[in-house]
Amino acid sequence: MDGDFLIGGVFSLHYKLNTVIYNYITKPEPWKCTGSLIARELRFTRTMMFAIEEINNSTELLPGIKLGYQIYDSCASVPMVVHLAFRLSNGQDPVFYNGSNCSQSGLMLAIVGDSTSSSSISISRIIGLFDIPLVSHFATCACMSDKQQYPTFFRTIPSDQFQADALVKLVKHFGWTWIGAVRSDSEYGNYGMGSFLDAAQKEGICVEYSEAFVWSDPPSKIQRLADVIRRSTAMVVVTFIASADVRVLLEELAREPPPLRQWIGSEGWITDPYLMRFSLCAGAIGVAIQQSVIPGLRNFLLDLSPTDVAASSVLTEFWEDAFNCSLTKNADPKKKVCDGREDIKTLKSPYTDISQLRITNMVYKAVYAIAHAIHNAVCQETNSTIQCFKNIKLKSKKVLSELKKVKFSKNGYPVSFDANGDPVAFYELVNWQKSESGVIELVTVGYYDASLPKGQEFQINRNITWMHGGSQVPVSVCTQKCAAGTHKVLQKGKPICCYDCIPCPEGEISNTTDLSDCLSCPNEFWPNAERDSCFLKPVEFLSFDEVLATILAGLSIFGACLAIITAVIFFRHRTTPIVRANNSELSFLLLFSLTLCFLCSLTFIGAPSEWSCMLRHTAFGITFVLCISCVLGKTVVVLMAFKATLPGSNAMKWFGLPQQRMTVLFLTFIQIIICIVWLILSPPFPVKNLTTYKEKIILECALGSAVGFWAVLGYIGLLAVFCFVLAVLARKLPDNFNEAKLITFSMLIFCAVWITFIPAYVSSPGKFTVAVEIFAILASSFGLILCIFAPKCFIIMCQPEKNSKKYLMNKK
């Protein structure tokens, strides 16, 4: 249709181009589109005509201006698209002009189309050289947002970048991490799926397979793809496929339906009513362009008379296909002749179905966007009156400039373009649901609005969402979630979603599912048996409640009682020769110190405290030095007594009772000084030992200063060795009551116990360190009391006849 200003239109009314063979002998025939007519594309074409008719009848938009159009069939073929792009850029066409009219009415100011990204890319690259804008209604490839490559490209449909983000959020919302990916082998499919996979990888979604195809591929390739879907373990199939491509795939799958799969569809096919007859896709979810209403469009689409149909080859083809009749006699012997009773109002076809106007509205908005740009270029508003100048020599470059600034609303739907020529992205989330009659219907279950704040763009109502298995959401993961107490270990050569669930290492837990790394418990906590929570470590020390502690405490008390009983026996028989002959004062002091030695072992039992730690080590050190000092004094007395029996010897006067007392006091005072210095500089203190056992806390006394501890032990050892040497020297002295032999044996036991104590003390873990120390104290104390006092008590109590001066003199 001619007009004051021309708008171009390119639509894929057919999907196949008739190949022309050039023999360079005869003039080649013009290119023709073959294959069946696509009714939906015809609706897009008629919508453009409807919009232009509305604009031409409008008193507000381009009043007094008539828009014309040239609409072409691209056959969804790049060669045809290139041919059309040059024809549209040239501005003259022999169909409309006879060549004598060279006015600007033949110049194309803008173009609407095409329905595929591949075609739109080819058109835009060519017409962009002439500054002619292209406004697409269905080219969604994100690549075309690049203004350096496509400076004149605009679209009323959102970019696939937003669609990919919406699909990722949809997959993530239902917890699917193991998916299959199928795409059209075109700019739409490759770029769209590429954007999806990039975003999916960031969200931890893995792909089992990624396949590309087009409807024209050999059947063997389509069959191989169908087999991949049938054999896959992924329950979810995400698709970026054009409607024509998915039809071929579903027809192949329908021959041998695969196990139930959850289909995720792009807007390219999810709203196609023809595809809803495939029950294997029941429950499919996808993103769709917003549903809309265009008043008056249905009447325009149905307003076709036989005369109008016969005048158009495209409408004739549609009519004959729809009613399976021929408008021309003898045209097709297999078809009956149309008798005029055909009623398009009763026809069920994608052409007449306006219940789900989505892409159709994108065509409608594209035409109005161009009209508004032309209006802003040629019209002025003065005193509420709009005046337009149709004789202005308008160039497409001016329309391009105005198109960037277009902003209006039509039928309640806003239209504007950002710096990349893209509109504000808004998608409906649609779901294929089976009705009670078994027919699949399209139900809106949510939306995606890119204009909302981050985190609020995606909304879905799961209560009304219907999956392939009903209301229950299918599970699609490579590996089931690792339970609490385990963590993920990736399988070699597999995606990150495929892993083994390994129990957490010792000392670590995982309190939620699917953790990559286990968490360490705090220092004073330890995992439970399931390793899914931490509990406070049990505190361990040598408690009075334990059997071991009870035995050691009983031995301590028994030893102290034994020493006291021995002291009582000695006191009652203090006038007897055997008691008097063995230095009774030192004997009583030794028994007193042994009683303290037995009792000091009790300080090692129980929970360590600041005072008990200081008391147990110092009490042990001082009492043992007192004990060894007494033994040393008795040994020296034996030696001095022998020397005193020699003629002319006065040795005993140098080691009488005062000297003995001073010796014991002096030797003990040295140990007291060592302990005081130890307590002042770095005293023992209670600590929680977290290293010996990982699963429990050992309460123990830290030495504070190791030097102080070993100085105390070293001093005791030094006195014991010195005493042992003197006892050895005095063991053969000719005295009937000579204690040297008994002292030698007792010191031998003492030294053996404490020599073996050192490695046992160092290597014993936890509370057993304390038990070893108590055992050493008790063993050495029992050794002293039994070796030194037991024989004497035996004589006093059981052989009193030997406890007489007469027996001693006779024996001597």
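These legends walk through a few views of one predicted protein model. Because the model is predicted, local features need pLDDT of at least 70 and side-chain atom pairs count only at pLDDT 80 or more, while totals for chains, interfaces and linings use all residues. Residues are numbered from 1 along each chain as its sequence is written, and side-chain values use heavy atoms, with hydrogens and water left out.

**View 1. The whole chain, with 21 helices and 30 strands.** Helices (H or I, at least four residues) and strands (E, at least two) are DSSP runs, numbered from the N terminus. Along the principal axes, the C-alpha atoms fill a box of roughly 165 × 60 × 55 Å. The radius of gyration is 53 Å, whereas a compact globule of 812 residues would have one near 28 Å. That figure is taken over C-alpha atoms, and the globule rule is 2.2 Å times the number of residues to the power 0.38. Of the 812 residues, 50% count as buried; here buried means under 20% relative accessible area, exposed over 50%, and partly exposed in between (1.4 Å probe, protein chains only).

**View 2. T152, tucked into a loop.** This loop runs between β6 (134–136) and β7 (153–155). Is T152 buried or exposed? T152 is buried, because its relative accessibility is just 1%. A polar atom of the T152 side chain sits 3.2 Å from the backbone oxygen of I132. Setting aside neighbours within four places in sequence, T152 has contacts (heavy atoms within 4.5 Å) with several residues, among them S124, D131, P133 and L400.

**View 3. A nonpolar patch on the surface.** Which residues form it? They are F669, I673, I676, V677, I680 and L681, with about 600 Å² of accessible area together. Areas come from the Shrake-Rupley method with a 1.4 Å probe, and for residues only the protein chains shown count as cover. Patch residues have over 30% relative accessible area and no salt bridge (a side-chain nitrogen of Lys or Arg within 4 Å of a carboxyl oxygen of Asp or Glu); like charges are joined within 9 Å, and nonpolar side chains (Val, Leu, Ile, Met, Phe, Trp, Tyr) within 5 Å. I673 belongs to helix α17 (residues 657–681) and, at 36% relative accessible area, is partly exposed.

**View 4. L519 in strand β25.** The strand covers residues 519–520. With a relative accessible area of 42%, L519 is partly exposed. Not counting residues up to four places away in sequence, L519 touches G507, E508, I509 and N511. Where does N411 come in? Its C-alpha atom is 57 Å from that of L519, and the two residues are 108 apart along the chain.

Methods: Polar contact = N/O pair within 3.5 Å; in protein donor to acceptor, adjacent residues only side chain to side chain.
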